[in-house]
Structures are given as structure tokens and as C-alpha cells.
Amino acid sequence: MCTFPESLKSEIKLSVNISNGNRPQTIENGWFRPNSIKEYYELVELNSFNPNNVKIVAGNTSSGIYKDQDLYDRFIDLRGIPELSMIRKNSDGVEIGSAVTISKAIEVLREGKAPTLVFNKIADHMNEVASSFVRNIASVGGNLILAQRGRFESDICTILLAANSIVCIQVGSKRSTYSLEEFLEMPPCDHRSLLLSIFIPSWASSSNVLFETYRAAPRPWGNAVSYANSAFLAETSTDQETGDVTLEIVQLAFGAYGTEHAIRARKLEEFLKGKIVTGPILLEATRLLKEIIVPTDGTAHAKYRVSLAIGFMFKFLSPLAKSLAQPRKCMPTEYNNVKSYMDSVDSHNIPISSRQDIVFNSEFRPVGEPIKKSGAELQASGEAVYVDDIPAPKDCLYGAFIYSSKPLAHVKGITFKPSLASKKVATVISAKDIPKGGQNVGAGWIFGSEPLFADSLAEWAGQPLGLVIAETQRFANMAAKQAVVEYAMDNLEPPILSIEDAIERKSFVEIPAFLYPKQVGNISTGMAEADHTIQSAEVKLGSQYHFYMEPVTALAIPDEDNCITVYASSQWPEGTQSAIAKCLGIPFHNVRVITRRLGGGFGGKAVRSLPVFVSCALAAYKLRRPVRIYLDRQTDMIMVGGRHPTKAYYTVGFKSDGKITALHLDLRINAGIAGDVGPLIPRAIIGAMNKYNWGNLSFDLKVCKTNNTSKSAMRAPGDVQGSFIAEAIIEHVASVLSLPTNAVRRRNFHDHESLRVFFGESAGEASTYTLPSLFDRLALTPSYEDRVKMIKNFNSVSKWRKRGISCVPITYEVSTRPTPGRVSVLNDGSIVVEVGGGIEMGQGLWTKAIQMTAFCLKELWDDGKETFIEKVRVVQADSLSMVQGGFSGGSTTSENCCEAIRLACNTLVERLKPVKDKMEENGVVPWEALIGQAAATNVNLSASALWIPEESTSKYLNYGAAISEVEIDVLTGATTILRSDLSYDCGKSLNPATDLGQVEGAFIQGVGFLMYEEFLTNSDGLAVTNSTWNYKVPTVDTIPKEFNVEFINSPHNKNRVLSSKASGEPPLLLSASVHCAMREAIREARVEFCSSVASESTALTFQMNVPTTMPMVKELCGLNTVENYLESFI
């Protein structure tokens, strides 16, 4: 039975006491809610009040931003003060209480039959701040206070500043009003300064008022902090004879560009006031603005932010300058209304649409049917039980990691800052607590391991130093953040933090000979045959975090006889069992690891999650009490590591027709501190590149060992880098030759003979090579050619927006592996299925396992009923129940498990068929009757199997192709994916519904890697994009506006599990179509503004690193496009 937490009861009691007029004598733990300003000041004037431990809040949404600083245990909630929630509206404007939520403010501003322009624009912009959930509780006043007290990049502050808003503040008994500009310039407000209200003028009495707001952020619909924002108000007059527009009043506000707070550009306002808007005036305005908008030292993308400010001003003022009007060019009918960037439709607001074309396979029913995902209702309703949902056992303790902030340093000691949380610390588990006979080993695999805890030397930033154990997870987290670690650098060499450092100091992880990819042909001969060469061009790809919904979680419960049970959010229960047993120095059979389901994995919960599970088990084992760890997102991002950063340098020879004759690749991979899966990555990169016939191929491969967190398998590890590198090479060749890129792609496709040279047995039969037909199905069609022409016409008439389109093929090699399975029939006829290391983590494995079970037992139950799948339940993975389970990953886990289930079911059929045949002499045999008779005659109703794939057919190739069309904003660098069409060979899908979800999800995750997800570190290698605040995955506003997926059912293949193929990872590679389309659009912009990018010759060929974020797109288009454009009018 659920009970209301005692801690919250005490907090409510404190709040109620104040509400009843009982003045508190001291501020202790909990929440306080004063009912008046007087009561508020009584609280803050108590001797026990300490601003370091008491937080004054309304919505308290700042806790999601300043996580490291949110260490308070006492709170004063201002929402009980009526005056702070008041709203007054009249013809002059609206006064909003500081505790009014942003959502309510939006509602108020939009009220009335005809809201003013200013109110409407402010409301529209506020609607792009944060998310609806945050806006519903965050207050307008809280937003302004954050902006005034610290460098909070507030959009609301900027837009209110441009409107001449006024604030009312009370300090003690004195009330004062200030302009918002004055308020921002004041010393930071302390607890005695209470923001009461904000007045926003309506500007209804002014004529010819223009007001506009702007923001540039990774997500156009909000929930992302701006790179820069601005708001402009102008009152104009127009000469009726000449049509010249004069600026009578100008108010220009800029914020979030790397400044302490939003500002008014006063010098620029004075310059523009009374001026007629012309090209030369705007040019001089941009020069003045550059002197005003000066980001502080250390601001990321500083030049980009300055360019944004200029672009915003240009957008606002250029429509007023008749001299800037361009002669209207001839344009097709569909673009008759497109005059310029400013008056075209915002592509971000195009409605989202999609289409899925799937051919269902009824040959193996119910396998092949798009049945609903098992457990879908439980997940949607929140009833699905994950590790953290398991009720805490009695006397449960909680753990949080103290990790190193230095990449290479001696650890001299750990202390805690005095606080309530530090008083709640039970102990700190460290390397010294490992039992005698145990090993200090955390994450590890066949290529090496790393210590669970640093003993005396920290070797990378993010390395666990100890595990704080406390009474609650919050206290554990707070104490860990308040830990003070003493470091020393004596007698240590500088850390190796980059690929370049590793190369210089020859720090490498060895690649075993059996994993080294095969070189093809003779590179010298191939180069000699070439008409042209490109020498030592570079491709650079960053990292990517495994952004699963559920962070790494564990619950360890000590048991009798030196045993322990661990509930772990693990993709690899068997490896978790092994790691725990080795650390504790006990037999494997003393460790039971249970995993029911994961909230996503993507490879991050295989090797990199092991230290969490082992630490949790060690603490429980030592303290003889249950211990739970739930990593907060920041710790998870810092410790898990992410995808391997990669650099490639290529030299390629090719004919004049685009046929490549030779490729040499120097590949450099940052593996971090330990091997992990690093030695596997080069093989995967080369394998994905081999979708093209390079003629002759050679390479030099280096897996670099650095003082960074170990990198690990991340969905499509290595393959996504390799496929991208291949496209970069192809596009470079096409650019040099001025040939259509698709023609160069097609010319370098394999025939089946060359495919076997590059892939060996994995190539399969000639009939299975479907890539050419898939590509041609998309790229060699009249509809594609029509789209290319439409884009060309669009680019010819649109100066400030450019479009691009690209079609990309993929080849992806996967491997099946030995997998166990067990099927047991209970006495009532219900069926339990175990799939060893097959972990349900959203990919639909359990659903396919249920379908396979129903299909394989069909001949025993085929009595006209269609509900047999309801009798089947797949149960959690248990390391003591199913051995040799392996791991979930590599895209083939579902088919591996299904084949093991098929073998187990075949055994059951062999046992039960004779019983059924004998019973059928008396008529139809219901399933329940069959099982009852079998049980009565002692037939074994449980069958296990270990499927071992044949070596010659254990690997196979997956094929797909995708077209993507994008539009870029030349002024901001924003990219909109207008349309993506995916065509994927899924074989005979085991479940088209779940496979469709895998294909779409993988594609979008790839888009995140290529466009949005900057996984950045500081100078010590510690991750600094370590939360949802600064690490942005794709959301509904960044997916394709039109998203179409087609499954191609390739012919029957006896070597595949019911002719099925993988769907989890290969489609991620198709996202390169978006990046290649971006390149085409950027190229158009560079040609348009070639003076901004050096020369027209360099406009066509350029390097696009991954991820290609908004700042990079803008930089590639040119940071000075506006200035160069305006100079043409002088």
C-alpha cells in the first residue's frame, strides 16, 4: 500500500503553521509559505535564517538549471502572498505580480478582443520559453530575478526590456519603481529585496509602432536556451511623396550573447533616431552594433552570437528600406509569393506528416504481424516496473559518486563542506573497502579493464573516487556535490587529452590481429591509375551520449550465506554478475543479477554501467544493508563516456568520370582510458565505408589511449562514423569534378563480385544484394528530379534561405551469436519464456519472442483460436536462471533469442506431438487438455536450447537508402528538415510495427549525432554538456516535417531467422542524408555570398565536422553575409 511520505507531512505541517498565523521561532528543514509580505520579512529576519541554506522560490524551476548549486534543505515559497499573484490591466498596459506563472502571463497578454501588437509579440515569444510544463509553474518574477542576480540567459528579460517595462521592488518597508534597464544594472538582489510586480506598457496609443522579437536556439519551439535573443520597438513615419521611412523612436534590446544581462543598445538607438532607413545607414548600424555586442571572454561561439545580433537587426529594419528592394526574378508558380526571406513562410511551422509503407508477411503467423508491443499499456500508464520503481527494502541506504575533476592527479584526501547533507552521510565506500580476495575492477571487457575506484591516483576526469552512502538519495547526491577533494600533481606527466597528444606520445590501445580489417588491392597501383587525387583531407566527428530515458540504476540486497541479489538496469546481466563476484571475491553463484526491462540502453548500459552495479553491491555487501543508486543525469553523462570521437585523413585517387581507383585512410580514434570496445571500432568504420567500391584500399589505424572517460559502444558504434566518412569522400570527389553527387555514388557501387572481395562470406548470394535497386528506387525517379528542379528554383529566388537535397545509401554488417532460451508450459497451459541475455529495452524483443513462441507451438494448438499469444509471458533476465546469456546489443538480439526459442519449442513439440496424436483419436484436443494429459503422464514441459549459428552464415549485410531535403536560414544557421524518405530492406520482418519504430528512432538519433548533440568537455576532459539544459537531443520540432518510411521485403533467405533482418542500428546511418543535404544548402549559400567565404573556388569544397550545429552552419555560410550584402549598395 502506498503511504504519504513522512518527510512531506512535516513540510506541510510547517507550511500550515505559518498559514494559521503561528510565527516560527526558527527556520529548520522543510518548506515555509508566508501569507503576506510582512510574514515573509518576519521569516528572513530570524536569527536562524541563513541565505546559504534557505532558498526563496515561487516555481523553483531554477533547480533544473543550477543543479550543482541547488543544495538547499529549507525553502520559502512566495506563492502564498496574494500581492505577488495580482494582475491589473488597463489601457496603459498590464501589471503582473512577480509570482504569476509564465503561462498565466501569456494568457493575460492575449486577453481582449484586440490585443496590442506588443502584447501579442511578447506572448508569442514567451510561448517559446522552456516547455509548457515549466511555463505552468515558473514565475515571470523568478525569471527576471535569475537574470538580475546571475548570468541567466533570459529571453523574457530581453523582450520586456525593449517594451520599456517597469518593476516594483520592496526592500524592508520601502517600495520603489525602476525601469527594467535600471533594475538589471543594480547590484544583485538579496533576500531583503522582494520583486513585487512588472508593468508592461501596451503602446496602444502610439501610431505606426513596430515591435518584433527574435531568438536563435537549437530548438525552434522552445525548451532550449538561446544563443542570442533580441527585441526591437520602433515608431516610424512615412513620407507620402517619396515613401521614405523615418525612425522616430527606436528601442533595441539584446541578450544571451555572452553578457551579464540583457542590454539596450543606446548608442545605436541614438544613431538611428530620426534617420531614413537605407542601405548605407544599415551598414553603419551594423558597424556600431559590433562595437556594442562584445561577448565576454570564454563565451562559446562568440563571433556567431555577434553575427546573430546583426542578423536580427537586419531582419527588423531592412523591410523599411525601399532602397534594399531587389528586382523580382522570374519564378515558378509554386514560389510566386516568395519575395524574400522576410516575407516567406517560416518552415518551422509546416505541419508534420508521415507515411509508412509496409508489406505484412502472413507466412509464419503470428510472426510477421504488426501486433502491439508487449507491455505498451503498462509503459504508457506508468505502471511498468523499472529498477527504481521497486519499493525500497527496510533500512535501505542510498549511494552517490564522488568523481575526480582532474584527468591525472594524486588523490590526497576527501572531506565535506559542513551541511545537513554531510551530517546524513553514513560512510564513504572506496577502494580500501574491497574485501580480501576481491579485485578493484569496475568496467571491463576482453580488451582491458579499469579500476572501480581510484586508489591513490586518478587517471581521468570522471573517475569514481568513492561512493557516498546516506539515508536518502537526495542527501547522498548533495553530500557528493559538497565533497572537497585534495589533489597533488607531483611527479606526473601532463595528461593525454586529445588524439593529437596520444599520437605524439604513442599512447595506443592494441588492435588484435584477428580484428584488423582487410586491405584490398595495391594502393600504389590504384593511385597510378587515377586522373585526379585529393591529398590528406580531414573529417572530424565528435562524441555522443547514450541519452536513455532511465539513467543507470541499481538496487543491491545482501542475502544469507554470503550471497547478494542485485537488480540492475543492465544490458549485460552476465557481465554484471562476473564483475560483482570478482570485486567481492566470491563465487559467481553467490551473485544473482535480475533485469526486467530498461528505459533505453543504446550500448551505455553494457560495459560502462558496470561500476555503478559493482559499487552498489560492494556497499551492500560491506554494510549488510540494502543499497540503492540512481545516477542523476549529470553524473551519468560524466561517467558513461559516449561514442568514440574520430578523426580521419584521406587521400583518394579517381578518374574524370568519378570512378574511384584508390583510397588511403589514416584513422584516429579516441578510446579513452581503457580498451572497452575500442579495438572493434576500426573494423566497424572500415566495414561501413565499404558500401562503396574503392578499387584499392589501404589504411593506418590507431586507437588512442587518453586520460578521458572510456568510450564505449553507442548505437551503430563505428558504422555511423564510417558511413559518414565515405559520404564525405564521395561528395569531395563530386565537388572537385563538378559532377552530380548521386552520379558519383552510383558509379562506385559494388557489383556482387567486388562486394565479395570487400565483405567475404557476409556478402551472401547475388540475389540478396538489394542496395542498387533500393538507391535507384529513390534517386532515379522523375519525382526526385522534379524536387531537385524545385529546389534549384527556390534557391534562385531566395537569398536568405537555401535548400538542399541528397540521397544516401548504406550497408551494415551484423553478426548473430550463440544465445540460450527456455520455454516452459505451466499446468494451466500458460507459457513462460526466458531469453537469457535478451533484455527488453524498448526494441520489442519480448513482443517478437511471444510471436515466435506462438508460431512454433502452432501445430499443437491450431484449434481456430487467435488468442494463443495471450498465454505467453516473457520473464525477466536472471543470471542464476539462464546461464550463457550474453548481452543485448548489435541489432541481432531479437533474432538470436527467437531462434533459441524456436529450438526450445521444437523440443516441446517433439514431446507433446505423440500425446496429442493419441488424444486426437477421440476428437479435437484443446490446448489445456493436452497440457493436463502431458503433465499427468510426466512429460517434461520445459525445454532449453542454446542456438549456435553456423560460422559461414553468422554474418550478413543490411541495406537501405534515404533522401532528405533541408532548408537552412543563412542569417541564423538554423536547419529545418523538410522531408526524409527512407527505404529499408528489413527482410521478412518479425514484427513490422516494432521494426518501424526502430527504423524511425534510429534515424532521428543519427540526426541528433550529426546536427545537435555537442558532447563537450573542459580543458581537463570533464564533460560540461552534462544535462538537458545544454545537451539537446532531437525533439518534435527538429524531426522531418514530412517523414516517410518504406520497408522492402527481400526474398526468402534460409540463412536468416525466418528470413528476417536487423532493424535496431543500421537505419541510424541513413541520417547522413540530412547532413549531405545540409552541405548542398550551405554550398548554395556560399556561392551566393562567395565574398563572405573567401572566394567562389573555395565555396564548393569545405569541411563539415560533426555535429554540424547552428553556429557551424552559420560560420560555413559566412559570418559577415549581412555586411557584405549591404556594402553592395554603397
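**Group meeting: strand β29 and helix α18**

Okay, let's start at a turn: β28 and β29 form a hairpin with five residues between the strands, and in it G658 takes a positive phi near 100°. Keep in mind that what we're looking at is a predicted model.

So, the two arms of that hairpin. β28 covers residues 646-654 and runs antiparallel to β29, with nine bridges joining the pair. If you want a spot to click on, F654 stands opposite I660 in β29.

Now stay with β29, residues 660-672. Is this strand mostly covered or mostly open? Mostly covered: 11 of its 13 residues are buried. β29 also pairs with β30, residues 696-705, and here the strands run parallel, joined by 10 bridges. On that side, L665 has F699 in β30 as its bridge partner. And how do you get from β29 to β30? Through helix α20, residues 681-689, and the three together make a right-handed β-α-β unit.

Okay, over to a helix, α18, residues 610-623. Quick geometry check: at 1.5 Å a residue, its 14 residues should span 20 Å, and the end C-alpha atoms are 20 Å apart, so the two agree.

How many of the residues of α18 are buried? It's 12 of the 14, so the helix is largely enclosed by the rest of the structure. The buried set includes F613, C616, L618 and Y621, and S615 is in there too. Just after the helix, R624 takes a positive phi of about 55°.

That's my tour, happy to rotate the view for anyone.

Terms used:
Residues are numbered from 1 along each chain as its sequence is written. This is a predicted model: local features need pLDDT of at least 70, side-chain atom pairs count only at pLDDT 80 or more; totals for chains, interfaces and linings use all residues. Side-chain values use heavy atoms; hydrogens and water are left out. Buried means under 20% relative accessible area, exposed over 50%, partly exposed in between (1.4 Å probe, protein chains only). Helices (H or I, at least four residues) and strands (E, at least two) are DSSP runs, numbered from the N terminus. Two strands pair if DSSP finds at least two bridges between them. A crossover is right-handed if, with the strands pointing away from the viewer, the path from the first strand over the helix to the second runs clockwise. The expected span of a helix is 1.5 Å times one less than its number of residues.
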